[in-house]
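Please work through the exercises below with the sequence and the model at hand. Attempt each task before reading its solution.

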Amino acid sequence: MIYDPYPYFKLETKDLHYIFRVLPTGQLEHLYFGKKLIDQNFEVLHQKITAGAGSQIEYERNGHKTLLDLTPLEYSGIGKGDFRLSPIEIKMPDGTYVSDFIYHHHEIQQGVIESKSLPVAKPHEDVTSLIITMIDEICHVEMDLIYTSFVDSNTITRRVVLRNIDTRPLIIKKMMSMMLDLDSKDYDLYTFDGGWIKEAHKHKRSLSYGTYIIESTTGASSNRHNPGIILAKHDTKEDQGVCIGINLVYSGNHYEAVHISNHDMLRVMNGINPHCFEWELKENEVFETPEAVLSYTDQGFNQLSKHFHDFVNQHITPRQFSHVARPVVLNSWEAFYFNFNQSKLIKLAKQAIELGVELFVLDDGWFGHRDDDTSSLGDYTINKRKLPFGLSHLSKRIHNMGLKFGLWFEPEMINPKSELYKNHPEYAVSIPGRTPSLGRNQLVLDLCQSDVVSYIKKQLKSIIDTVEIDYIKWDMNRHITDMYSRSLRHQGMFFHQYILNLYDILLDIQRSYPHVLIETCSSGGNRFDLGMLSFGAQVWTSDDTDPIERLKIQEGLSYLYPLSTISAHVSLAPHAQTLRDTPLSTRFNVASFGVLGYELNFDYLSPAEKGEIKKQIAFYKAHRDVFQYGQFKRHEKEDDHHITWQVKHDQTCIVAQYQTLANASPAFEKLEVKDIDMDQLYRVENVNQRLPLKRFGHLISHALPIKLNTNGFIMRQIGKYKMLDNAKIDEVASGRILHQGLKLKQQFMGTYYNDQTRIIGDFGSMMYVIKPVSGGDVS
Ligand code: DGJ
């Protein structure tokens, strides 16, 4: 909803108001962003400037005056008295950097305003958009500030469109998607940062005077810093306190800046990174920024996450996959890496279907001469040595088994050792006269060239048209360097044009094959952002599948993205990246909070472990709507080694408790459940996860009637088939008791053990299912 009792504008969502006004001088004053107000008189929200400080610049227009530097604004320019960090830097048609955009007119429209070049949130419910057209009267440049309010998800999107109507060109050096001025500096900044195999770790930063910048310069949204950030009042916790979340529908170099002025006002902005950016606009040309997404709550981070989760599920995910159950995957990568052939794949697929897997994904290595990562990217001809009967034949066999078939591509890349490079070296990104740097032995295809775009589309289509494919894993495994394209009029366009053309390819594939589920990936979560999610409904979260590492990665992402987007696989232990040996149950208990898959060779598992996996998959399928579309909540951490997650859908709640380090003689513990009907009776059961004998090592010998070497042949054989039951929890309690915390059976504490003792240990975990007593059996 949008109301415009001029000069005021009020955007409304289910719980929020966003209010601003046109100042008598023509700029837009930001007045309010927060919970709905009952006030009708918005004058009370005006900045009450009664005496300008000594060094302030007085802005004057049409007989009205203001001090821009002291006014919270919706968007600012340069060179007219606002000396805080500016959202724009434009070399205007008159050759100066001075821009002075003032209100010209506005329009309110039902629905979203489509973008010509970039993905934007899609309407699902009743949404309304507001376009405020601002104009620089001297230079004849128009700027549309576009706002859309998404009622149900309590989010507001903003973006900017710039039109040059001057006969002389202008050059954009910086143009943010939005800017927001807050009247307090008492916020902490939360960011989600990392690198390969340690993506999206949450960091809290104190803010002080000056500017704090989060950005990516790698050509992708990057694993260094996610574009999503949160500003939270100092006392904000998971379920209480004020926080504002900001994200960007963009997959390239992004920039988020928080500036605190000398008058304690906080300015935040986000958009395309000005780093190496330069965009010329000739007469009548238009530039569109990506869309920024904003939300607010006074009920803590979990509530903010709910807004973002609802927003992504309803407005970002491709329509045909919105709220659609995601299949359980078996991915061939960690099972075989490059070393496979048809019979190995068929054997793996047979085991997978036997255990309940629904989608078989053939990862890297099926084309050209690709036996390692040194060759063949760019040549999507089937490797006949590995697949003598071809891909179509393999896909048919997989489908005949009752599985869906998915295929890996890395469409944006080229190996110097490839047919494509031999024939078209000019397709690779490189600067004439300089040797380009390699990353993972590969170069980047120059997506700025239209020939390259056509080549990629043709290559992909030649495979998808001939092979029955239900899913694509769209990978991208290097950062961009040596950026130069012969087809650009300014090299400052490179990074953004690359992303525009990437979106063009993705859109074409999505429109041509709407039934194909796309999972995007970039060495794991190097491009986990709302732009990629507009085309691919889920993202390969990280190459790190160690559940203890995933607790940090998935938890970080959960602040901004719903579980339906977080692809999470169970792999072997000890883990390939950390050498950490974790229980199979914990690997599942973490991976199930997302889109579940397995990525391992079943031959390395014992019959008992395979039995466990079969039960895990059956359990996940029975609760898939809870795990993929339930409301996820993080519990406040009491210490660094105990983490609790819960997810709730309809009346079913699943709570998982993870213990990354066991305490000797631990305290009694409770199972707390949030967001539950106090006066309802619930049945609480733990998911039966059995314990391998080796978990007890030599201690098992104390429990045996005869003395056996616990590392010997006989024990190893027994261990393949036999596992021990963990303590069973099966109790009925009211929501009130669960809210306060249900007392749990003791954990193993060193001196005594019986079948009622919960065995958790280092890296252990337990998952509990809570259903109303009338809800039936949970086993
Ligand atoms: C990086 C991805 O993150 C992995 O899952 C796998 O697909 C490899 N690329 C294949 O090269």
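Four exercises with worked solutions follow.

The model is predicted: local features need pLDDT of at least 70, side-chain atom pairs count only at pLDDT 80 or more, and totals for chains, interfaces and linings use all residues. Residues are numbered from 1 along each chain as its sequence is written, and side-chain values use heavy atoms, with hydrogens and water left out.

**Exercise 1. The ligand site**

Identify the closest residues around the ligand and describe the class make-up of the shell.

Step 1. A residue counts as near the ligand if one of its heavy atoms lies within 4 Å of it. By this criterion 13 residues surround the ligand, and the closest are Asp-363, Asp-364, Lys-473, Asp-475 and Asp-543.

Step 2. Sort the shell by class: it has six charged, four nonpolar and three polar residues. Here Ala, Val, Leu, Ile, Met, Phe, Trp, Tyr, Cys and Pro count as nonpolar, Asp, Glu, Lys and Arg as charged, and the others, Gly among them, as polar.

Step 3. Look for polar contacts, which for the ligand are pairs of N or O atoms within 3.5 Å. A polar side-chain atom of Asp-364 lies 2.6 Å from a ligand oxygen atom. For Arg-440 the distance from such an atom to an oxygen of the ligand is 2.9 Å, and for Trp-540 it is 3.3 Å.

Step 4. Turn to burial: the ligand taken alone exposes 300 Å², of which the protein buries 98%. These areas come from the Shrake-Rupley method with a 1.4 Å probe.

**Exercise 2. The barrel**

Determine the strand order of the barrel and place helices H7 and H9 against its strands.

Step 1. Take helices (H or I, at least four residues) and strands (E, at least two) as DSSP runs numbered from the N terminus; two strands pair if DSSP finds at least two bridges between them. Eight strands then close into a barrel in the order E23-E24-E25-E28-E29-E30-E31-E32, with parallel pairing. Neighbouring strands of this sheet are turned by 30 degrees against each other on average, direction ignored.

Step 2. Examine one pair: strand E25 (residues 404-409) and strand E28 (residues 471-474) run parallel and are joined by four bridges. Gly-406 has Tyr-471 in E28 as its bridge partner.

Step 3. Add the helices, with contact meaning heavy atoms within 4.5 Å. Helix H7 (residues 494-512) lies across E28 and strand E29 (517-520), at about 170 degrees to E28. Helix H9 (residues 547-558) packs on the sheet and touches strand E30 (538-540) and strand E31 (566-570), making about 165 degrees with the direction of E31. Such angles run from 0 to 180 degrees between N-to-C directions, and the axes are lines fitted to C-alpha atoms, for helices over the stretch in contact.

**Exercise 3. The open sheet**

Find the edge strands of the four-stranded open sheet.

Step 1. The order is E1-E2-E3-E4, with antiparallel pairing.

Step 2. Strand E1 (2-3) and strand E4 (28-35) are the edges, each pairing on one side only.

**Exercise 4. Cis peptide bonds**

Locate Pro-7 and Pro-574.

Step 1. Tyr-6 and Pro-7 are joined by a cis peptide bond with omega of about 10 degrees; Pro-7 lies in the loop between E1 and E2.

Step 2. The bond from Ala-573 to Pro-574 is cis, with omega near 0 degrees; Pro-574 is in the loop between E31 and helix H10 (584-591).

Technical notes: A polar contact is a pair of N or O atoms within 3.5 Å; within protein, one must be able to donate a hydrogen and the other to accept it, and residues adjacent in sequence count only if both atoms are side-chain atoms.
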